[in-house]
Amino acid sequence: MPTLSRILLSSADPEALVKNLAATIEGHVAIKSGLGGMAMKIGLGALKAAKPDIAERATRNLLPHIATALEPLHSQFTTKGQGNFGDFLSQHAAQATQLVISAVDARIAASSNTMAQAVYKQFRGSTNNELKTLLPALGRVLNQHWPKTK
């Protein structure tokens with residue numbers, strides 16, 4: 001069975017996957033309200049002012065690392081062989097969230113982009129809850145790009 005990285009990175013249109021994931025993340029930020037939502041919008045706006053395609057660039061950069069981090073869940077999913085991976089991620093949201101956050105933490109720590117590090121540090125405390133909220137939407141995007149079985 002192919003690894004999650006191989007499945008996602010060799011999809012029919014990997015750039016479309018990256019764009020759809022980035023748009024989903026940006027859409028999540030756009031609908032946030034309150035002070036936290038305003039702060040997220042300002043943080044993303046600052047990053048986009050420096051690099052307008054920052055969401056796609058970050059997604060493209062992080063996707064292989066996140067796919068590798070989620071491989072234990074992908075292995076469980078393939079063993080069970082039912083449903084779709086997006087729904088499986090939602091059903092295992094706590095574990096998926098921790099795996100993704102660990103991968104992103106490691107990449108941010110190794111990054112030379114001090115602005116990205118500063119923005120991430122500012123929001124790191126809310127990352128767990130935000131990712132749990134966002135996981136079903138990200139799962140739907142993965143499902144759209146999942147290879148069709150014949």
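**Reading a helical model: burial, cores and salt bridges**

Modeller: We may begin inside the protein: threonine 97 is buried, with a relative accessible area of 0%. Please keep in mind that this is a predicted model.

Biologist: Is threonine 97 counted as buried or exposed on the strength of a cut-off, and in which element is the residue found?

Modeller: A residue counts as buried when its relative accessible area is under 20%. Threonine 97, at 0%, is therefore buried, and this residue belongs to helix H7.

Biologist: What is threonine 97 in contact with, leaving aside its neighbours within four places in sequence?

Modeller: Its contacts are Asn128, Leu131, Lys132 and Leu135.

Biologist: Where is threonine 24 found, and what is its relative accessible area?

Modeller: Threonine 24 lies in helix H2, which covers residues 14-30. Its relative accessible area is 18%, so this residue is buried. Apart from neighbours within four places in sequence, threonine 24 is in contact with Leu134, Ala137, Leu138 and Val141. Sequence distance and spatial distance may be read side by side here: threonine 24 and alanine 137 are 113 residues apart in sequence, yet their C-alpha atoms are 7.0 Å apart in space.

Biologist: How should one read the two sides of a helix, for instance H5?

Modeller: The general idea concerns the turn of the helix. An α-helix has 3.6 residues a turn, so residues three or four places apart point the same way. In the present case, H5 spans residues 71-80, and Glu71, Leu73, His74 and Phe77 are buried in this helix. Viewed down the axis of H5, these buried residues fall within an arc of 155°, so they line one face of the helix. Thr79 and Lys80, on the other side of H5, are exposed.

Biologist: What covers the buried residues of H5?

Modeller: The cover includes helix H1 (4-9), helix H4 (54-69), helix H6 (85-91) and helix H7 (93-110). One further detail belongs to the end of the helix: just after H5, glycine 81 takes a positive phi of about 60°.

Biologist: How many residues has the largest nonpolar core, and which have the most contacts inside it?

Modeller: The largest nonpolar core has 33 residues, and Leu8, Leu70, Phe85 and Leu89 have the most contacts inside it. Two or more residues of this core come from each of H1, H2, H4, H5, H6, H7 and helix H9 (127-145). Leucine 70 may serve as an example: not counting residues up to four places away in sequence, leucine 70 touches Leu4, Leu89, Ala96, Leu99 and Val100. There is also a second, separate core of six residues, among them Leu47, Ile54, Val119 and Phe123.

Biologist: Which residues make a nonpolar patch on the surface?

Modeller: Leu35, Met38 and Ile42 make a nonpolar surface patch of about 360 Å². Methionine 38 belongs to helix H3, residues 34-50. Alanine 49 is found in H3 as well, and at 65% relative accessibility alanine 49 counts as exposed. The C-alpha atoms of alanine 49 and alanine 23 are separated by 17 Å, although the two residues are 26 residues apart along the chain.

Biologist: How many salt bridges does the structure hold?

Modeller: The general idea is that side chains of opposite charge can pair when their charged atoms come close. This structure holds five salt bridges. In one of them, glutamate 130 pairs with lysine 32, the closest N and O atoms being 3.2 Å apart. The pair links distant parts of the chain, 98 residues apart: glutamate 130 is in helix H9, and lysine 32 is in the loop between H2 and H3. Glutamate 130 is buried at 17% relative accessible area, whereas lysine 32 is partly exposed at 22%.

Biologist: Where do arginine 124 and aspartate 105 lie?

Modeller: Their side chains meet in a salt bridge of 2.9 Å, N to O. Arginine 124 lies in the loop between helix H8 (114-123) and H9, and aspartate 105 lies in helix H7, so the pair ties together parts that are 19 residues apart in sequence. Arginine 124 counts as partly exposed at 30% relative accessibility, and aspartate 105 counts as partly exposed at 26%.

Biologist: What are the relative accessible areas of arginine 57 and aspartate 53?

Modeller: Arginine 57 is partly exposed at 39%, and aspartate 53 is partly exposed at 37%. These two residues form a salt bridge in which the closest N and O atoms are 3.9 Å apart.

Technical notes: Residues numbered from 1 in each chain as written. Predicted model: local features only at pLDDT ≥ 70, side-chain atom pairs only at ≥ 80, totals over all residues. Heavy atoms only, no water. Patch = residues over 30% accessible without salt bridge, like charges linked within 9 Å, V, L, I, M, F, W, Y side chains within 5 Å. Areas by Shrake-Rupley, 256 points an atom, 1.4 Å probe, with all protein chains shown as cover. Salt bridge = Lys/Arg side-chain N within 4 Å of Asp/Glu carboxyl O. Helix = DSSP H or I, 4+ residues; strand = E, 2+ residues; numbered from the N terminus. Buried < 20%, exposed > 50% of the residue type's maximum accessible area, 1.4 Å probe, protein only. Arc of directions from axis to C-beta. Contact = heavy atoms within 4.5 Å. Core = buried A, V, L, I, M, F, W, Y, C linked by side-chain atoms within 4.5 Å.
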